[in-house]
Amino acid sequence: MSNQDNQNPNGFGGGGFRRGQTLIIIVIAALLTFTAVSFFKGKLHDGVSKELPYNEFLQLVKEEKVQSVVIENTQIKIHLKADQAGSGDRPEYYTVRMDEDGDLMNRLFEAGVETRRERQDTAGILYSIVSFILPFIVVLFFMNFMMRRMGNGGIMGVGKANAKVYVQKATGVSFADVAGEDEAKESLTEIVDFLHNPRKFTQIGAKLPKGALLVGPPGTGKTLLAKAVAGEAHVPFYSLSGSDFVEMFVGVGASRVRDLFRQAQENAPCIIFIDEIDAIGKSRDSRMGGNDEREQTLNQLLSEMDGFDSSKGLLVLGATNRPEILDPALLRPGRFDRRVIVERPDLKGRVAILKVHAKDVLMDDTVDLEAIGLATSGAVGSDLANMINEAAILAVKNGRRAVCQKDLFEAVEVVLVGKEKKDRIMNQKERRIVSYHEVGHALISALQKHSEPVQKITIVPRTMGALGYVMYVPEEETYLKSKQELEDMLVSLFGGRAAEEIVFGNVTTGAENDIEKATGIAKAMVTRYGMSDSFGLMGLATTEDQYLSGRTVMNCADVTAAEVDEEVKRILKRAYTKALTMLRENRDVLDKISDFLINRETITGKEFMEILRRTKEDAVLKREQNVILV
Ligand code: ADP
């Protein structure tokens, strides 16, 4: 996240350190007390009293040597008669442990012993208390020390000093800085209005919203939007991440929530932004058993949201990319009842985002942001911002004074597949294999009607693992894919492996990624898109987290799942066979382009199409000549 210049970690609970000191003082005091008490206790035992066995005690009573006894909880104090005084170092009194002796009182009475009952002495009580509490305090002290070493500010600091709340008096971000999220901006404009002039709404009797949830994949600009709302409304921006609330100790998160809301309420109108709210807002009835800390934090958040007075202009914005796991209580009216979807930008959105970020960068006339937008389908705002920056760095590296289109395309690749890995030198054989593999993909795409045009083929390895790749740029962005398009996609994904088999009679590990992708597509065709004849329109899987991995879970019987696997296998096999056939029929083009690629390392889509066209024409010419010769 950018734009943190005027952020300062807020003083939020700055008393943490002083409290930490207090704790140390308490511990030292407890230690001192303990030492003192045990010292005196020891003295009582060693110098002033002496313990006797019970039968010796009874003997003394019988011999009428005992003057008086004090019966306590667990022991009996015995004072002997004065005439029994022996040597000068005789103890002041004796003690004996209590025994089960029903006759004791009689015996004492008969021997004329003064008897008194007394509860345990205060030193004893103190001793028990200290010996009970002390281990606890010592542990507490130790943990405090450890946490300090981990840089957490100590136990008394938790819930206070280290809650990473950032306050920005003015975010300096406006809606103009957020591009391509028009629908999201529209819903948030209304919220800005609430903050600007809450009375306008309350006068008429409208209840102001308390919170809104920004939902979408990472990097689409949720934080940026929240800041823009604060910027547009000219109110301070309090932000904290959901994971900052969840601590090792139960109750800490809850106290952080309380503090955050207290602070914000004092400074209303303002915005509280909780990023990754799923970290605390996870559904409470999870199967894995509860998590007390998280539940308490969530409960506190819920009660704070119910408690504050929205007419003062306090608004809570939450962001998440896993809305499906949120506790329903969080989404009820009066809490995060508005949901603002922040989607991956479409072509228009991407171009707009590129323009926003290109504003501060010098660009020459060759730059065509539309083309970059087309080449970056699926990229989110943060990727695009990153690309512009990479392009600027590349331009400087290449000694240019402004960014050109080539820099931008190179930057797109850097962000999507990593930097060129110049030190990885493949041997000639590997270069040939990679070259045929990539041309296999590209050729099949070019030969099929529904595939996207090839922009570039390269066999320069990249840092993110690719040894070579084909870059496609669609002519226009589409939002639906037809069954035919998906099937064509499968065939071109298998083009690489098919080329290897045809040319080398052997296959390599290079197709791992293609196989994974193809399997995913085929599975989705069967289980989710209703595109297989055997299963028809039956939904067999559901998506778990649509904004992150897009992982799916099967929701059908095991037998059906096994049948699905069989069907997927059939679809993949069909696609591979088609890839083999197509490449065999076009072996001459495959060879020509691969040879060309081995020498050049990188060829453009134009060069590729040119060779393809020429070879085809030659073939037709040859055929015609043959016909004439015959
Ligand atoms: P999120 O919170 O959704 O993960 P951020 O708001 O942190 O994403 O986005 C990270 C950065 O990406 C922003 O600071 C901004 O530079 C850029 N960015 C993301 N989306 C957009 C957008 N729609 N318009 C302009 N810039 C964007």
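**Figure 1. Lining of the second largest cavity by residue class.** In this predicted model, six nonpolar, two polar and no charged residues make up the lining of the second largest cavity. Here Ala, Val, Leu, Ile, Met, Phe, Trp, Tyr, Cys and Pro count as nonpolar, Asp, Glu, Lys and Arg as charged, and the others, Gly among them, as polar. The lining consists of Phe-194, Leu-195, Leu-208, Pro-209, Ser-310, Gly-313, Leu-314 and Leu-315. A cavity is a set of points, on a 1 Å grid over the protein atoms alone, where a 1.4 Å probe fits but cannot get out; lining residues have an atom within 4 Å of a point. At least two lining residues come from each of α5 (182-196) and β11 (314-320). Helices (H or I, at least four residues) and strands (E, at least two) are DSSP runs, numbered from the N terminus.

**Figure 2. Strand β9 (residues 237-241).** Five of the five residues of β9 are buried, that is, under 20% relative accessible area (exposed is over 50%, partly exposed in between; 1.4 Å probe, protein chains only). Phe-237, Ser-239 and Ser-241 point one way, while Tyr-238 and Leu-240 point the other way.

**Figure 3. Glu-276 and Glu-601.** Glu-276, in the loop between β10 and α10 (278-281), has a positive phi of about 45 degrees. Its relative accessibility is 37%, so Glu-276 counts as partly exposed. Glu-601 lies in the loop between α20 (587-600) and β17 (602-604), with a positive phi near 70 degrees.

**Notes.** Residues are numbered from 1 along each chain as its sequence is written, and side-chain values use heavy atoms, leaving out hydrogens and water. The model is predicted: local features need pLDDT of at least 70, side-chain atom pairs count only at pLDDT 80 or more, and totals for chains, interfaces and linings use all residues.

Notes: 1 Å grid on protein atoms, 1.4 Å probe; cavity = no way out; pocket = protein on both sides within 12 Å on 5 of 7 lines; lining within 4 Å.
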